[in-house]
Amino acid sequence: MPENKNNPPKRKAVACVVLMIWFALWMAVGGGTGFSDNNQGGFVATPPPQLLHDPTKSSPPKQQQQQQQQPSLTEEKGCVIHETQRKTITVKTCFDPEKCHGEILIKPTSTPLNRKFSNDPETEKFLREDHGPDHYRFFLRSHNEVSGPPNSLTYNPEKNVYSGSIDLTKRGVHNIVLEVLYEEWNGIDEARDFWPPLLKEPILKLGTSALRERKTNYHEGQLSPSSDDILTCNNDQPKQNKNPCTGRETTGRWVVTDPTKKLFTKVRSKKVQKTPVVFQWDPQIDEAWEWSFDTCTLPTTNVKDLPRKSILVTGDSQLRSIYFGLVNFLQGNGLGCVRNISTPQHMNQYLFASGEQCVENVKGKQKATLRNGEVSLHFLDDPYLDKVHKNGRHYSAVVGGFGQHPASRKHWPFKRFNTTMADRAVQVNSLLTEGKTFVWVTSPKYPDTKKGYPVGVKDWRTDPRLIVFNSAAKSHLAPLLREHDRLRLVDTFPLTQLMGHTSSDQAHYNNFVLYEIVRIVASYLY
């Protein structure tokens with residue numbers, strides 16, 4: 001066949017087509033992204049292709065230099081895919097051991113069911129997009145630090161991925177605690193009056209760490225066991241200069257500043273009689289845990305310097321605990337008395353040296369006078385804060401909050417709580433305009449367990465519901481926080497969710513957790 005002058009261009013065209021097909025296939029398998037597509041949702045990092053360059057020749061193009069200097073975020077952080085007990089969930093942590101900072105990603109491999117959360121379209125959109133179909137509990141635990149996201153993990157509906165930041169301050173080994181609490185409706189099923197089943201199942205495999213933690217007098221069902229999966233922080237992170245707290249800060253962690261100090265807490269260890277209910281109480285030893293805000297420090301409080309002459313504490317039993325804690329705290333009775341809630345007489349030896357000085361927690365209206373009659377503290381039971389303005393206008397400062405009662409047997413939907421909270425914000429604003437100080441206390445975490453007391457009650461005080469109730473409260477208070485410096489916020493949920501297992505009666509906190517809440521409230525009254 002005679003040679004055709006057009007053949008060389010045809011051969012070049014064919015070669016170009018082959019090259020383009022090869023390049024497209026290479027990009028399709030993740031060659032140009034740093035990630036490979038796999039059955040775990042694209043979580044596995046793959047090394048980028050090596051750029052061929054002879055150092056004896058001219059420098060590579062600027063674009064290639066940037067690719068070399070800026071590796072993918074996944075590779076930069078150093079990521080680990082963890083072996084899970086639930087095959088339908090992939091867990092990945094990316095962590096820098098020098099900076100002690102990173103991220104956790106949780107990806108359910110199954111497609112979320114299209115179940116309605118609420119019959120109200122606006123509430124349905126809010127719950128589905130902001131909170132997702134599942135609810136996980138994640139935090140990190142070591143001998144001197146417990147930390148985690150402020151409320152819950154963040155949900156990305158487009159990728160069906162839950163994520164949370166990791167920030168450690170203490171050098172050492174930190175065990176990962178990760179549980180699935182609710183699945184496919186997130187503990188919020190307002191489309192029907194339905195009791196969301198609590199799963200409370202560990203996701204990562206448990207081992208020796210979990211076995212050690214079971215040697216405790218705390219109710220075993222309340223424990224969130226540590227996995228043997230760890231993150232190691234190589235350096236104590238430098239302490240930052242913190243400003244005094246103003247009542248706008250919410251994030252923090254539990255730390256141990258004195259490892260030689262120990263605390264004793266009374267714990268309701270088991271039921272010994274059903275009718276009437278009688279429990280056995282035993283002492284539980286703990287580290288001297290203290291709450292440390294990430295961005296601020298609390299001032300030292302002294303009742304002699306307290307400017308508020310009359311203080312009202314109002315709300316439910318959680319606020320009543322804070323009231324008695326304040327009375328003991330401001331009288332200088334110390335940690336032992338602040339932790340006290342109707343302590344059985346035989347437990348005094350474990351809790352405080354001079355138990356007769358402690359003011360006992362008793363239901364009903366309460367009054368206390370401090371500092372030679374100059375300061376008065378009153379408690380009024382008002383679990384829905386219906387009369388917060390009517391009652392509060394007679395005092396110079398008010399401490400209050402609500403959320404637990406609407407979420408328990410009342411089964412309030414989110415829309416009802418949100419509407420009610422709007423009215424309470426109006427009442428709070430009226431008190432602030434009248435020159436009062438108001439300390440708003442959010443609902444603490446309700447200790448969750450599949451066994452124990454109370455049982456048989458269709459209680460909706462789930463983590464997801466209390467989180468959205470608190471979210472609504474903070475949303476309505478946000479404009480007032482910007483306008484009034486006499487409004488302060490105490491977000492108890494982050495404190496209590498990391499120490500939920502320490503509740504002695506599976507409802508309240510009467511130990512170092514309450515002491516730290518009281519210490520924060522007291523500082524905001526100055």
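# Working through the bridges, rings and cores

Start with a link that you can find on screen: Cys100 and Cys233 are joined with 90 degrees about the S-S bond, and that makes a right-handed disulfide. Keep in mind that this is a predicted model.

**Exercise 1.** Work out which parts of the chain the disulfide of Cys100 and Cys233 ties together.

*Solution.* Step one is the bond itself: the sulfur atoms of Cys100 and Cys233 are 1.9 Å apart. Step two is to place each end. Cys100 is in the loop between E2 and strand E3 (101–108), while Cys233 belongs to strand E10 (residues 230–233), so the pair ties together parts that are 133 residues apart in sequence. Step three is to check accessibility. Cys100 has a relative accessible area of 1%, so it is buried. Cys233, at 1% relative accessibility, counts as buried too.

**Exercise 2.** Find how many disulfides the structure holds, then describe the link of Cys79 and Cys94.

*Solution.* The count is three disulfides. In the link of Cys79 and Cys94, the sulfur atoms lie 2.1 Å apart. There are 110 degrees about the S-S bond, and this link is right-handed. Now place the ends: Cys79 is in strand E1 (residues 79–82) and Cys94 in strand E2 (residues 89–96), so the pair ties together parts that are 15 residues apart in sequence. For accessibility, use the rule that buried means under 20% and exposed over 50%, with partly exposed in between. Cys79 has 27%, so it is partly exposed. Cys94 has 3%, so it is buried.

**Exercise 3.** Say where Cys245 and Cys296 lie, and whether they are buried or exposed.

*Solution.* First, a disulfide joins Cys245 to Cys296, with 2.0 Å from S to S. The torsion about that S-S bond is about 85 degrees, so the disulfide is right-handed. Next, look up the positions: Cys245 is in the loop between strand E11 (243–244) and strand E12 (252–256), and Cys296 is in strand E16 (residues 296–297). The two are 51 residues apart, and the pair links distant parts of the chain. Last, both Cys245 and Cys296 are buried.

**Exercise 4.** Decide whether the rings of Phe126 and Phe414 are stacked or tilted.

*Solution.* A search of the whole structure turns up 14 aromatic pairs. For Phe126 and Phe414, the ring centres are 4.9 Å apart and the planes are at 15 degrees, so the pair is stacked. The cut-off behind this step is that planes under 30 degrees apart count as stacked. Now for what the pair connects: Phe126 sits in helix H4 (residues 121–131) and Phe414 in helix H11 (residues 414–433), so parts that are 288 residues apart in sequence are tied together. As for accessibility, Phe414 has 9% and counts as buried.

**Exercise 5.** Do the same for Phe402 and Phe417, then find which aromatic cluster they belong to.

*Solution.* Their ring centres are 5.0 Å apart and their planes at 35 degrees, so this pair is tilted. Phe402 lies in the loop between strand E20 (397–400) and helix H10 (404–407), and Phe417 lies in helix H11, 15 residues apart. Phe402 counts as buried at 3% relative accessibility, and Phe417 at 0%. Widen the view: Phe402, Phe417, Phe438, Trp440 and Phe469 form one aromatic cluster. A charge joins the picture as well, since the charged end of Arg424 sits over the ring of Phe402, 5.7 Å from its centre. Elsewhere, the charged end of Arg461 sits over the ring of Tyr446, 4.0 Å from its centre.

**Exercise 6.** Find which helix gives the most to the largest nonpolar core.

*Solution.* Begin with the core: it has 54 residues, and Trp254, Leu326, Leu377, Val399 and Val521 touch the most other members. Helix H14 (residues 512–524) gives the most, with 10 residues. Zoom in on Val521: not counting residues up to four places away in sequence, it touches Ile322, Leu326, Val399, Val439, Val441 and Val490. Another core lies apart from this one; its 37 residues include Trp185, Ile188, Met421 and Leu466.

**Exercise 7.** Compare the stretches 1–6 and 341–354, where pLDDT is low.

*Solution.* For context, the chain has a mean pLDDT of 79, and 79% of its residues reach 70 or more. Over residues 1–6 pLDDT stays under 50, with zero contacts beyond four places in sequence. Over residues 341–354 pLDDT is also below 50, but that stretch has 31 contacts in the model beyond near neighbours in sequence.

Technical notes: Residues are numbered from 1 along each chain as its sequence is written. This is a predicted model: local features need pLDDT of at least 70, side-chain atom pairs count only at pLDDT 80 or more; totals for chains, interfaces and linings use all residues. Side-chain values use heavy atoms; hydrogens and water are left out. Rings of Phe, Tyr and Trp (its six-membered ring) pair if their centres lie within 6.5 Å; planes under 30 degrees apart count as stacked, over 60 as edge-to-face and the rest as tilted. Helices (H or I, at least four residues) and strands (E, at least two) are DSSP runs, numbered from the N terminus. Buried means under 20% relative accessible area, exposed over 50%, partly exposed in between (1.4 Å probe, protein chains only). A charge sits over a ring if NZ of Lys or CZ of Arg is within 6 Å of the ring centre and within 35 degrees of the ring normal. pLDDT is the predictor's confidence in each residue, from 0 to 100. Contact means heavy atoms within 4.5 Å. A nonpolar core is a set of buried Ala, Val, Leu, Ile, Met, Phe, Trp, Tyr and Cys residues joined through side-chain atoms within 4.5 Å. A disulfide is a pair of cysteine sulfur atoms within 2.5 Å.
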